[in-house]
Amino acid sequence: MADITRRSGWRHLRSAPTAHIRHQRRGQLVHDGEGLSFWFRPRTAALSEVPVNDRELAMAFHARTADFQDVSVQSTVTYRIGDPGAAATRLDFSIDPDTGAWRGTPLEQIATLLTETAQQHALDVLARTSLAAALVDGVAAVRDRISAGLADEPRLPATGIELVAVRVVAIRPEPEVERALRTPAREQIQQEADRATYERRAVAVERERAIAENELASKIELARQEERLVEQRGTNARREAEESAAADAVRAEAEAVRKVRLAQAEAEAARVVGEARAGAQSAWLRAHGEADPATLHALAVTRAAENLPRIENLTLSPDVLTGLLAKLGGGEGGARS
């Protein structure tokens, strides 16, 4: 909408770049173009504002297929006004010189024209198409037919309207029919899902069985290894016992040999010592046998004196001394005789 400013009998109009302004004064075209800005007198000015930007028109209408099934069509038509002059002369795009608002409803008129034309061509296509075909290939067929029909419509170029694009969003049946149509597909999808679930379960069971077999095989192998280990330990223990017994036998034999040799050495030493003692005793006896009695008595007294305890003081009475002297004298006489 144009921006109009009021100044004491004058008006100033400023339009957007996407709006085409036509200013006529007393039947003469004074200003004509997009994005204009000018002063004018409201009493003598006739103003029109035609939008030249692309506009989208959403459409939704019902149709019936060849098998008498109701469907709804959702589409969008994009258009623009390529000839603002023609549009201003065919439709009421005049604006109020004080407010800048349209006095009529030109865009609604364009929407009605486009909607009715597009609906006519869509109904014509769907009336010769079954519901199944319409749901599968109907979108492209309806879009092409609407595009061709709007391009051939003579009122559009005469009004200055150019077609930019046509899009058909969806063709949908009635809710009950749609649910009925979805049922087989849902059942098939459910069957596929169940089959996939069963396959996953089968695979899981197979994997669990394989895991259990692997665990059992591992346990069996571990038991075999333990059996071999016990057997090896027994063998090692027997070998260690045998080697220990052999070592003990060797040590015992060596100890016996050592003791025998020690006993033999001791016996030999005892024999040698005995023989030496016997020789010494024989020599001693021979020496004593060849000596005179007086010498033997002296030796006996000396030996006895050696074996007696030490005497610090010795007191001899006259009687003892006399007897000893008598004996000594008698002994000497006897010896001399």
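**Strand pairing and backbone geometry in the predicted model**

In the hairpin formed by E1 and E2, two strands separated by 2 residues, Ser-8 adopts a positive phi near 35°. The structure is a predicted model, in which local features require pLDDT of at least 70 and side-chain atom pairs count only at pLDDT 80 or more, whereas totals for chains, interfaces and linings use all residues. Residues are numbered from 1 along each chain as its sequence is written, and side-chain values use heavy atoms, with hydrogens and water left out. Helices (H or I, at least four residues) and strands (E, at least two) are DSSP runs numbered from the N terminus; two strands are taken to pair if DSSP finds at least two bridges between them.

Strand E1 (3-7) precedes the loop that holds Ser-8, and E2 follows that loop. The pairing of E1 with E2 is antiparallel and comprises 5 bridges. Within this pairing, Arg-6 has Arg-11 of E2 as its bridge partner. Strand E2 (residues 10-14) is also joined to E5, again in the antiparallel sense, by 4 bridges. Here His-12 stands opposite Trp-39 of E5, and Arg-14 has Ser-37 of E5 as its bridge partner.

In a regular strand the side chains alternate between the two faces of the sheet. Such alternation is found along strand E5 (residues 37-40), where Phe-38 and Phe-40 point to one face and are buried (under 20% relative accessible area; exposed is over 50%, and partly exposed lies in between, with a 1.4 Å probe and protein chains only). Ser-37 and Trp-39 point to the other face of E5 and are not buried. Both of these residues face partners in E2, namely Arg-14 for Ser-37 and His-12 for Trp-39.

Most residues other than glycine have a negative phi, and most peptide bonds are trans. Ser-8, although not a glycine, has a positive phi of about 35°. This serine is exposed, with a relative accessible area of 76%. Arg-26 likewise is not a glycine and has a positive phi, of about 55°. The loop containing Arg-26 connects strand E3 (19-25) and strand E4 (28-34), and Arg-26 is exposed at a relative accessible area of 69%.

In the helical part of the model, Glu-116 belongs to helix H2 (residues 106-126). Its relative accessibility is 53%, so Glu-116 counts as exposed. Glu-116 and Phe-61 are separated by 55 residues in sequence, and their C-alpha atoms lie 9.8 Å apart in space.
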